[in-house]
Amino acid sequence: MQFDVFTLFPEIFSSPLDASILKRARESGVLSVRLHNIRDYATDRHRTTDDTPYGGGGGMVMKPEPIFAAVKAAAGGEQGLPIILLSPQGRLLTQEVAGSLLHFPRLCLICGRYEGVDERVREHLVSDEISIGDYVLSGGELAALVLIEVVTRLLPGVLGDPAATFEDSHARGLLEYPHYTRPANWRGWEVPEVLLSGDHAAITRWRREQALRRTWQRRPELLQRARLTEQERLLLEQWQKETDNDTG
Ligand code: SAM
């Protein structure tokens, strides 16, 4: 999969792309990231990429011309190529959104800076806007890296154990169950006995119940969309009754 990233700060990408999973994915050819410096497409003597906002107010706004020129040079007129603006005003990046982006062999990511980009970029160039959360970063670069990382670990061949992503938090509507490793007893804190039992059916049941309980305790709103069995719904009702009794 190829990402074309448009940014004023390409240097931000070097370290994250050169370590761990993203590095391996690039080396194996599963992932390719092409960085395009928007400043290279500014045509005036000072290579200006931002200007003051019409209407007044503080801050600077990224000019449309270098962004349009950079995307045109990299993407030409490729039909159906998603051009995504990272923006706190975009739709929220979720595991589901990341999964839907996997269908595209190539994605363009535009990173804003300052007060953001001239609105005509959003209106006439961009096909999608994505936010990584309800907070404001100084630039779209870290958001682009988050998006690249989330999508890349879903690509076939990237993780050693592809099944690991099926159980991950948010993959199927629940948070993941807790993990333990050796030693089985450390400082008197013991690993739950079922995990040492070798009974795989019991372990699977325990994990599913733990995932359900954690989601119910920490992110109950996720349960509205999770696919649950009748038995799991009954379990939730039982936990809720127990809590109501304790607090009532
Ligand atoms: N003035 C803008 C607003 O209030 O909507 C915020 C601009 S922000 C300081 C500069 C750039 O950072 C944005 O254009 C966007 O590319 C990026 N950015 C900031 N927060 C983001 C978020 N939560 N998700 C994705 N990108 C974000």
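The exercises below, each with a worked solution, deal with a predicted model.

Residues are numbered from 1 along each chain as its sequence is written. In this predicted model local features need pLDDT of at least 70, side-chain atom pairs count only at pLDDT 80 or more, and totals for chains, interfaces and linings use all residues, while side-chain values use heavy atoms, with hydrogens and water left out.

**Exercise 1. The shell around the ligand**

Find how many residues surround the ligand, and state which classes they belong to.

Solution. Begin with the count, where a residue is near a molecule if one of its heavy atoms lies within 4 Å of it: 20 residues surround the ligand, and the closest are Leu86, Gln89, Gly112, Tyr135 and Leu137. Next, sort the shell by class, which gives 9 nonpolar, 9 polar and 2 charged residues; here Ala, Val, Leu, Ile, Met, Phe, Trp, Tyr, Cys and Pro count as nonpolar, Asp, Glu, Lys and Arg as charged, and the others, Gly among them, as polar. Finally, turn to the strands (DSSP runs of E, at least two residues, numbered from the N terminus): β5 (83-92) and β7 (128-131) each supply at least two residues of the shell, and β5 gives the most, with 4 residues.

**Exercise 2. Backbone contacts of the ligand**

Identify the polar backbone atoms that approach the ligand, and state how much of the ligand the protein buries.

Solution. A polar contact is a pair of N or O atoms within 3.5 Å. A polar backbone atom of Leu86 is 2.6 Å from an oxygen atom of the ligand, a backbone N or O atom of Glu115 lies 3.0 Å from a ligand nitrogen atom, and one of Gly139 lies 3.4 Å from a ligand oxygen atom. The ligand taken alone exposes 580 Å², of which the protein buries 84%, with areas from the Shrake-Rupley method and a 1.4 Å probe.

**Exercise 3. An unusual phi value**

Locate Arg47 and describe its phi.

Solution. Arg47 is found in the loop between β2 (32-37) and β3 (50-51), and its phi is near 50 degrees, a positive value in a residue other than glycine. Most residues other than glycine have a negative phi.

Methods. A polar contact is a pair of N or O atoms within 3.5 Å; within protein, one must be able to donate a hydrogen and the other to accept it, and residues adjacent in sequence count only if both atoms are side-chain atoms.
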